[in-house]
Amino acid sequence: MSVQTQIKTDIHQRLDAMHAARAVWEEGTLRAANDELYAILEGVYALYAELKAEVGKRRAFAALLTDLEIKTQANTSLALKVIRYVFAGQGRREEAYARVVAIAHDMKGPDQSFTSYVQECGGIEEVRRVPKSTKSATMSKEDFKKLALEGLQEVQVGVSTFDLPTFIQPNTDYEEDYAVALVRCNDNGTGTIVYGCNEAGIIDAVLVSSGKDLDERAQESLAKLDAGDLATKRARDVREFASKMIRVGSGAQVSVSGGGVRTNGAATHTYG
């Protein structure tokens, strides 16, 4: 055997050993790790859903974080607060997991588990990649105010319609018939209007904030739907491709190598 042939044989053996080790890792340690991760996130999702549904539990959770001297920013999402407690020190991974939990909460069916939904979409990374709205970077406050005015004008049945009390009256010097109400959130999930304001600057600020929020929700909802459609399309494409690629007779034998699929029998199909 020549020196060159011996080197090739040695390289081939080493590659085969690494390939076999990768397969063992993929089917063993990696799969187990993924299963354990999904189990943890399933628990996170369950707690998040409970906190979203019950104001009393949210307040208890906030009080717990205070007792534990865990500080959060005012704009930190509820999902991220839960994730950061569970996955402390994971950096960007925390934000990714929080985003996946929040998206699943908004998009999955009521009878579908968190794990099933994420796997159906192609995995955590596919759900995380759902793009956030980018319009906010190119729109002015007036743009968002206009969005809110146009969108809210279509709301014919609001949360409640009532006779305006004396402390909530429209500003006759303001171009729009809006006022801002201060609502106290009660422990039983109800709300009580306790005060109102018709200052133009405050109404403008609320309309701008409403426009931003409505726009972001609308854009992300479309993106989520697109992502779901994409996952469905990918699954369909793979099924169709697989059925076209593998056309093997009942008596054929199939072998797989680095160059593609080869068959021994009545049917033969190769690919590049």
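## A nonpolar patch on the surface

Phe162, Leu164, Phe167, Leu182, Val183, Ile193, Val194 and Tyr195 together make a nonpolar surface patch of about 710 Å², where a patch takes residues with over 30% relative accessible area and no salt bridge, joining nonpolar side chains (Val, Leu, Ile, Met, Phe, Trp, Tyr) within 5 Å and like charges within 9 Å. A salt bridge here is a side-chain nitrogen of Lys or Arg within 4 Å of a carboxyl oxygen of Asp or Glu, and accessible areas come from the Shrake-Rupley method with a 1.4 Å probe, with only the protein chains shown counting as cover for residues.

The model is predicted, so local features need pLDDT of at least 70 and side-chain atom pairs count only at pLDDT 80 or more, while totals for chains, interfaces and linings use all residues. Residues are numbered from 1 along each chain as its sequence is written, and side-chain values use heavy atoms, with hydrogens and water left out.

At least two residues of the patch come from each of the strands β1 (180–185) and β2 (191–197), and β2 gives the most, with three residues. Ile193 lies in strand β2 and counts as partly exposed because its relative accessibility is 33%.

## The chain as a whole

The chain has eight helices and four strands, which are DSSP runs numbered from the N terminus (helices H or I, at least four residues; strands E, at least two). Of its 272 residues, 24% count as buried, a word that stands for under 20% relative accessible area, with exposed over 50% and partly exposed in between (1.4 Å probe, protein chains only).

## Helix α3 and the largest core

In helix α3 (residues 78–86), Leu78, Ala79, Leu80, Val82 and Ile83 are buried, and the buried residues of this helix pack against α1 (3–53), α2 (55–67) and α4 (92–107).

The largest nonpolar core has 27 residues, of which Leu41, Ile83, Tyr97, Val101, Phe114, Val118 and Ile124 touch the most other members; such a core is a set of buried Ala, Val, Leu, Ile, Met, Phe, Trp, Tyr and Cys residues joined through side-chain atoms within 4.5 Å. Two or more residues of this core come from each of α1, α2, α3, α4, α5 (114–120) and α6 (124–128), and α1 gives the most, with seven residues. Apart from this core lies another, of six residues, among them Ala148, Tyr174, Val180 and Ile203.

Leaving aside neighbours within four places in sequence, Tyr97 is in contact (heavy atoms within 4.5 Å) with Leu37, Leu41, Ile83, Phe87 and Ile124.
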